[in-house]
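Okay, everyone, thanks for coming. I'll put a structure up on the screen and we'll walk through it together, starting with the empty spaces and then moving to the sheets.

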Amino acid sequence: SKKACETNELQEYEYSLDIDGRKLYYLARIIQSNPNEVVAIVIDLTKLKRAERAMHNFFEVNEDLFCIMNNDGYFLRANKAWSNNMQVSDEELYAKPFLDAIHPEDSLRAARALKKVQTTTEAITFESRYLTADKNWHWLSWSIKAVEEDHVIYGSARVITSQKKAEQQLLDRNESLKRYTEQLQELNTAL
């Protein structure tokens, strides 16, 4: 309050109190109303701080890749799963739009999803390959949803590289069995 009196400007202070083993958070706004008085408004921030901590913990504990992007596809926030799975630093991740790391064969599909999500209230799903720092491609199954009033896109992606490899192996085996069956039919016809 002394600084508010000295500067005659609004001063804000965040502080916390421990009461009965619970931490409570407050914001105090103080301004001098006349030479001998100050006005102080105290706002309870406890619920907000707890919600922020809960969101942070949920974001960080998840093994799926969570992110918040702007409408141009630049990451504003990403959980640790991004750096763990893609071997990329936060600086590298935030430096360019996510479309820059999408496989060229998948980039049109991903760009269309990014554009479409901004015109609907529904979540958009798509799959794409994403380039890791060690120059490998990981398949990701994406779900993204825009929140127009916040000008952000919330997204989650799950690494599905193993599933994609298994699918390809099944397709290859089916193709091999198909050729083998055709050869057997030809031999059977010849007999």
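So, the largest pocket: there's about 260 Å³ of space in there. Keep in mind that this is a predicted model. How do people look for gaps like that? Rolling a probe the size of a water molecule over the atoms shows where empty space is left.

Which residues sit closest to the centre of this pocket? Of the 15 that line the largest pocket, those are Val88, Lys96, Ala101, Leu131 and Thr132. Two elements give two or more residues to that lining, namely helix H4, which is 90-95, and strand E6, which is 124-131. And if you sort the lining of the largest pocket by class, you get ten nonpolar residues, one polar and four charged.

Now the second largest pocket, with about 180 Å³ of space. Thirteen residues line this one, and Gln118, Thr120, Ala146, Val147 and Glu148 are the closest to its centre. Strand E7, residues 137-147, gives the most to this lining, with three residues. The class count here goes four nonpolar, six polar and three charged.

Okay, on to the sheets. Let's take the three-stranded one. This is an open sheet with the order E1-E2-E3, and the pairing is antiparallel. Why do E1 and E3 each have a side without a neighbour in the sheet? Strand E1 (11-19) and strand E3 (37-44) stand at the edges with a single partner strand each, so one side of each has no neighbour in the sheet. If you rotate the view, you can look for the twist: neighbouring strands are turned by 30 degrees against each other on average, ignoring direction.

Let's zoom in on one pair. E1 and strand E2, which is residues 22-34, run antiparallel and are joined by nine bridges. If you want a spot to click on, leucine 17 stands opposite leucine 24 in E2. Then there's a helix packing on this sheet: H2, residues 46-61, touches E1, E2 and E3, and its direction makes about 130 degrees with that of E2.

Next, the five-stranded sheet. This one is also open, with antiparallel pairing, and the order is E5-E4-E8-E7-E6. Which strands are at the edges? Strand E5 (75-78) and E6, each of which pairs on one side only. From one strand to the next, the twist averages 30 degrees.

Inside that sheet, strand E4 (residues 65-70) and strand E8 (residues 152-159) run antiparallel, with six bridges between them. One example to find on screen is leucine 65, whose bridge partner in E8 is alanine 157. Helix H5, residues 107-117, packs on this sheet and touches E6, E7 and E8, with its direction at about 140 degrees to that of E6. Helix H6 lies across E6, E7 and E8 too, running at about 125 degrees to E7.

Last stop, a single residue on that helix. Lysine 164 lies in H6, which covers residues 161-190. What does its side chain reach? The side chain of lysine 164 makes a polar contact with the side chain of glutamate 127, at 2.7 Å. And leaving aside neighbours within four places in sequence, lysine 164 is in contact with Glu127 and Trp139.

That's my tour, so let's open it up for discussion.

Methods: Residues are numbered from 1 along each chain as its sequence is written. This is a predicted model: local features need pLDDT of at least 70, side-chain atom pairs count only at pLDDT 80 or more; totals for chains, interfaces and linings use all residues. Side-chain values use heavy atoms; hydrogens and water are left out. On a 1 Å grid over the protein atoms alone, a cavity is a set of points where a 1.4 Å probe fits but cannot get out, and a pocket is an open set with protein on both sides within 12 Å along at least five of seven lines; lining residues have an atom within 4 Å of a point. Grid points are joined across faces, edges and corners, and a volume is the space filled by probe spheres set on the points. Helices (H or I, at least four residues) and strands (E, at least two) are DSSP runs, numbered from the N terminus. Ala, Val, Leu, Ile, Met, Phe, Trp, Tyr, Cys and Pro count as nonpolar, Asp, Glu, Lys and Arg as charged, and the others, Gly among them, as polar. A polar contact is a pair of N or O atoms within 3.5 Å; within protein, one must be able to donate a hydrogen and the other to accept it, and residues adjacent in sequence count only if both atoms are side-chain atoms. Contact means heavy atoms within 4.5 Å. Two strands pair if DSSP finds at least two bridges between them. Axes are lines fitted to C-alpha atoms, for helices over the stretch in contact, and angles run from 0 to 180 degrees between N-to-C directions.
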